Amino acid sequence: GTVSYAGVSFYDGDAERLFFGKTGGNGFWGVDGADLAAAVTDTVGPTNDVEYIVVGKIDISGGAVTLWIDPVIASGEGSATAAASTTIVAGLHVGRP
């Protein structure tokens with residue numbers, strides 16, 4: 001069957017702070033979370049029975065999160081087109097506050 005969403009979530013207690021993957025609302029690749037300026041999605045989503053390399057980057061000092069689908073890893077970050085990218089507005093941290 002069709003999966004409504006799939007990805008990786010980061011939680012602070014019971015609150016989802018960040019999500020990378022196939023979003024639930026529209027089925028497209030995207031990033032979402034309470035600490036982001038906005039939820040951002042690509043215009044395409046995954047196809048059933050296809051494997052993907054999903055890469056998410058959290059740039060705390062740069063204040064951004066970015067998602068890539070099937071990037072050519074050996075080519076480096078600058079050569080890949082991001083599926084979704086948005087800014088961090090507040091609260092997202094790594095480790096304990």
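## Pairing in the first hairpin

Two strands count as paired if DSSP finds at least two bridges between them. Keep that in mind as you look at this predicted model, starting with strand β1 (residues 6-12) and strand β2 (residues 15-22). These strands run antiparallel and are joined by seven bridges. One bridge links D12 to its partner A15 in β2.

With two residues between them, β1 and β2 make a hairpin. If you click on G13 in the turn, you will find a positive phi of about 65°.

## The overall layout

Stepping back, the protein contains seven strands and zero helices. Reading along the sequence gives the pattern β-β-β-β-β-β-β. Of the 97 residues in the protein, 27% are buried. The exposed area of the protein is about 6,100 Å², and carbon and sulfur atoms supply 52% of it.

What share of the contacts with a separation of 6 or more comes from residues 24 or more positions apart? Such residues account for 33% of those contacts in the protein.

## The four-stranded sheet

The hairpin strands β1 and β2 belong to an open sheet of four strands, ordered β1-β2-β3-β4 with antiparallel pairing. Its edge strands, each pairing on one side only, are β1 and β4 (40-41). Strands β3 and β4 are linked by two bridges, again in the antiparallel sense. In that pair, V31 has V40 in β4 as its bridge partner.

Between β2 and β3 (29-32) there is a loop, and T23 lies in it. Is T23 buried or exposed? T23 counts as buried because its relative accessibility is 10%, and the cut-off for buried is under 20%. Leaving aside residues up to four places away in sequence, T23 touches S4, Y5, F28, G30 and T41.

## The three-stranded sheet

A further open sheet has three strands in the order β5-β6-β7, with antiparallel pairing. Here the edge strands are β5 (54-59) and β7 (84-87), and each of them pairs on one side only. From one strand to the next, the twist averages 10°.

How many bridges join β5 to β6? Six bridges connect β5 with strand β6 (residues 64-69), and the two strands run antiparallel. If you would like a landmark for this pairing, try G56, whose bridge partner in β6 is L67.

## Two places to visit on the surface

V8, F10, I58 and I60 form a nonpolar surface patch with about 310 Å² of accessible area together. One of these residues, V8, sits in strand β1. V8 counts as partly exposed because its relative accessibility is 47%, and that class runs between the buried limit of 20% and the exposed limit of 50%. In general, side chains in a regular strand alternate between the two faces of the sheet.

For the second stop, go to E51 in the loop between β4 and β5. Its relative accessible area is 79%, so E51 is exposed; the cut-off for that class is over 50%. How far apart in space are E51 and D70, C-alpha to C-alpha? The distance between E51 and D70 is 9.2 Å, while in sequence they are 19 residues apart.

How values were computed. Residues are numbered from 1 along each chain as its sequence is written. This is a predicted model: local features need pLDDT of at least 70, side-chain atom pairs count only at pLDDT 80 or more; totals for chains, interfaces and linings use all residues. Side-chain values use heavy atoms; hydrogens and water are left out. Axes are lines fitted to C-alpha atoms, for helices over the stretch in contact, and angles run from 0 to 180 degrees between N-to-C directions. Patches are made of residues with over 30% relative accessible area and no salt bridge: like charges are joined within 9 Å, nonpolar side chains (Val, Leu, Ile, Met, Phe, Trp, Tyr) within 5 Å. Accessible areas come from the Shrake-Rupley method with a 1.4 Å probe; for residues, only the protein chains shown count as cover. A salt bridge is a side-chain nitrogen of Lys or Arg within 4 Å of a carboxyl oxygen of Asp or Glu. Buried means under 20% relative accessible area, exposed over 50%, partly exposed in between (1.4 Å probe, protein chains only). Contact means heavy atoms within 4.5 Å.
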